[in-house]
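User: I have a model open and would like to go through its sheet, a helix and the cysteines. Could we start with the strand pairing?
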Amino acid sequence: MPPEMVLFDCDGVLVDSEALTADVLCANLRRHGLALTHAELGAMFLGGTIMGVEAKALELGADLPRDWVDQIYAEIFETLGTSVPIIPGVHAVLDALDAAGILYAVGSNGPHRKMQITLTKTGLMDRLAGRIYSREDVAQPKPAPDVYLKAAADAGVAPERCVVIEDSPNGARAGQAAGMWCLGFAAETDAALLAPVCDDVFYAMGDLPGLLGL
């Protein structure tokens, strides 16, 4: 049976921003004395928050200024504002959900400003306006379930009638903790990392309507 609501993570699920953000983070941290590869960065921080990156980088010996969070967000926003691609097939998935009368929303650990940039750049903002949720809106970021529970509650949909689409184990744990069905999007993330914390894993956005029973 199709769900009543689909809840999408943003980065890596709707917009292909992960690699661009990783480029900025790796270059910045290197300037502050911490050299990490993209793989190491992803293993430590995928699906987390910038504040979490800051705490771990300091623990690993990075010499970060006190206003590092503001500085790195400024660098990330500038990069994403130049160019960020949409994940192929997203518009077709949203079209299918609209045709089936299924609600959808976005739940992200990123700030609203970041989503405003990436969703506008990819032409998704108009479709998602009023249905965009950030960790800024809730008490705890993922892996806590708060952002997904808020989105479902605002729509009047029971958690068990929701499906979460995530590309990180951290986000998938949030969906699980919310009592929602969770599908792992493994286009860029190692499926072996997602499988233990997801109900199913898929590799192309075009496969999602079939998985949802549409």
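Analyst: We can begin with one residue pair: Ile 165 has Leu 183 in E5 as its bridge partner. The model is predicted, so local features need pLDDT of at least 70 and side-chain atom pairs count only at pLDDT 80 or more, while totals for chains, interfaces and linings use all residues. Residues are numbered from 1 along each chain as its sequence is written, and side-chain values use heavy atoms, with hydrogens and water left out.

User: How many bridges pair E4 and E5, and in which sense?
Analyst: Four bridges, in the parallel sense. Strands (E, at least two residues) and helices (H or I, at least four) are DSSP runs numbered from the N terminus, and two strands pair if DSSP finds at least two bridges between them.

User: And on to E6: which residue is the bridge partner of Gly 184?
Analyst: Val 201 in E6 is the partner of Gly 184. E5 and E6 run parallel and are joined by three bridges.

User: What is the order of the strands in the open sheet?
Analyst: The six strands are ordered E3-E2-E1-E4-E5-E6, with parallel pairing. Strand E3 (132-134) and strand E6 (200-202) are at the edges with a single partner strand each, so one side of each has no neighbour in the sheet. Neighbouring strands are turned by 25 degrees against each other on average, direction ignored; the axes are lines fitted to C-alpha atoms, for helices over the stretch in contact, and angles run from 0 to 180 degrees between N-to-C directions.

User: Is E5 enclosed or open?
Analyst: E5 is largely enclosed by the rest of the structure, because four of its five residues are buried. Buried means under 20% relative accessible area, exposed over 50%, and partly exposed in between, with a 1.4 Å probe and protein chains only.

User: Switching to H9: what do its buried residues pack against?
Analyst: They pack against helix H8 (146-155), strand E4 (162-166), strand E5 (181-185) and helix H10 (191-194), where contact means heavy atoms within 4.5 Å. Among the buried residues of H9 (residues 169-177) are Pro 169, Asn 170 and Ala 174. Gly 179, which follows H9, has a positive phi near 80 degrees.

User: Last topic: how many disulfides are there?
Analyst: The count is zero, a disulfide being a pair of cysteine sulfur atoms within 2.5 Å.

User: Why is Cys 10 not bonded?
Analyst: Its closest cysteine sulfur, in Cys 182, is 16 Å from its own, which is too far for a bond. Cys 10 is buried, at 0% relative accessible area.
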